[in-house]
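Below are some comments on the model, set out as numbered points. Please read them with the coordinates open, beginning with a backbone detail in one of the loops.

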Amino acid sequence: MATKQSPVKIHVRAIKPEIASPPNAGLAMTIFNYMPTNIRARFAPSPTGWLHIGSLRTALFGYLIAKTLHGKFILRVEDTDQKREVAGAVESLIKILDWTGIRFDEGPHLGGDYGPYVQSQRLAIYEKYAEQLLAENKAYRCFCSVERLEKMRQGQQAKKLPPRYDRACRELAETEVNKKLAQGEKFVIRQKMPLAGQVIVRRIARRHKISGPRFGRPDFNKVRWYADLSVRRGG
Ligand SMILES: [Zn+2]
């Protein structure tokens, strides 16, 4: 019998420093209190044009934190959005960062023990994790066409609703999935978020939310998460 599920609640809580900190030290003290000393910080810009000043600030923060804590600072090129990629942007990125004096310990131009450091060269790693998520029932294949998703999005916007996927493929029967796979239908892998309960996200700094779900390549947010895991683990 189906049980009535309450909608999932998502809480985002800022982590508070555990020790007393000077009044103006705020974020820096918060970060330092929670950082391990062997950290591996990474800067992951997209090669879609000139380096944005905001990205440069992010790189500087990462570099200062990594070096203050005697950690490593890593450059990983986030070339998942191939449609927007600009020729020569990677070289330009490296040149600008070099000019600023921000020094990397590992990266596509330096090598290192946990490469490759270009996202598009790491697809085999993500395929492995995508398969794992599917096997653990934490993800599912979505066969919806771009046209269907676009029509759905427009309908939601017309009703002033936030655009979201309607989970049409979430409960597809295994036989149906296999049939579609056998017919060579294209799919993306979606995360199976719990529909009830609470998700608590602890954050120490506000992050930008970036979407980009349908490139035929791994979704930007998921890639970044698994990339961070796999960079640490070395794949
Ligand atoms: Zn679907």
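1. Pro116 is found in the loop that connects helix 3 with helix 4 (123–135), and the peptide bond leading into Pro116 from Gly115 is cis, its omega being near 0 degrees. Since this is a predicted model, the cis bond is a computed feature of the prediction. Most peptide bonds are trans, and most residues other than glycine have a negative phi.

2. Two further backbone details belong to the loop between helix 5 (146–158) and helix 6, where Lys160 lies and where Arg167 is also placed. Lys160 has a phi near 60 degrees, which is positive although the residue is not glycine, and for Arg167 phi is likewise positive, near 60 degrees, again in a residue other than glycine. As for their surroundings, Lys160 counts as exposed because it has 6 C-beta neighbours inside 10 Å, whereas Arg167, with 13 such neighbours inside 10 Å, counts as partly exposed.

3. Is helix 6 (residues 174–182) buried or in the open? Of its 9 residues the number buried is 0, so helix 6 lies largely in the open. Just after this helix, Gly184 adopts a positive phi of about 75 degrees.

4. On the overall architecture, the protein has 7 helices and 6 strands, which follow one another along the sequence in the pattern β-α-β-α-β-α-α-β-α-α-β-β-α. Of the 235 residues, 14% count as buried. Among contacts with a separation of 6 or more, 79% come from residues 24 or more positions apart.

5. Within this pattern, strand 2 (residues 40–43) pairs with strand 3 in the parallel sense, over 4 bridges, and one bridge joins Arg42 to its partner Ile74 in strand 3. Together with helix 2, these two strands make a right-handed β-α-β unit.

6. Which residues have the most contacts inside the largest nonpolar core? They are Phe43, Phe73, Ile74, Leu75, Leu97 and Phe104, in a core of 13 residues. The elements that contribute two or more residues to this core are helix 2 (53–68), strand 3 (72–75) and helix 3 (89–100). In soluble globular proteins, nonpolar side chains tend to be buried together.

7. Phe43 deserves a separate look, as it links the last two points: it is one of the core residues with the most contacts there, and strand 2 covers residues 40–43. Leaving aside residues up to four places away in sequence, Phe43 touches Thr58, Ala59, Gly62 and Leu75.

Terms used:
Residues numbered from 1 in each chain as written. Predicted model: local features only at pLDDT ≥ 70, side-chain atom pairs only at ≥ 80, totals over all residues. Core = buried A, V, L, I, M, F, W, Y, C linked by C-beta atoms within 7 Å. Buried ≥ 20, exposed ≤ 12 C-beta atoms within 10 Å, placed from the backbone. Contact = placed C-beta atoms within 7 Å. Pairing = 2+ DSSP bridges. Right-handed = clockwise from strand over helix to strand, strands pointing away.
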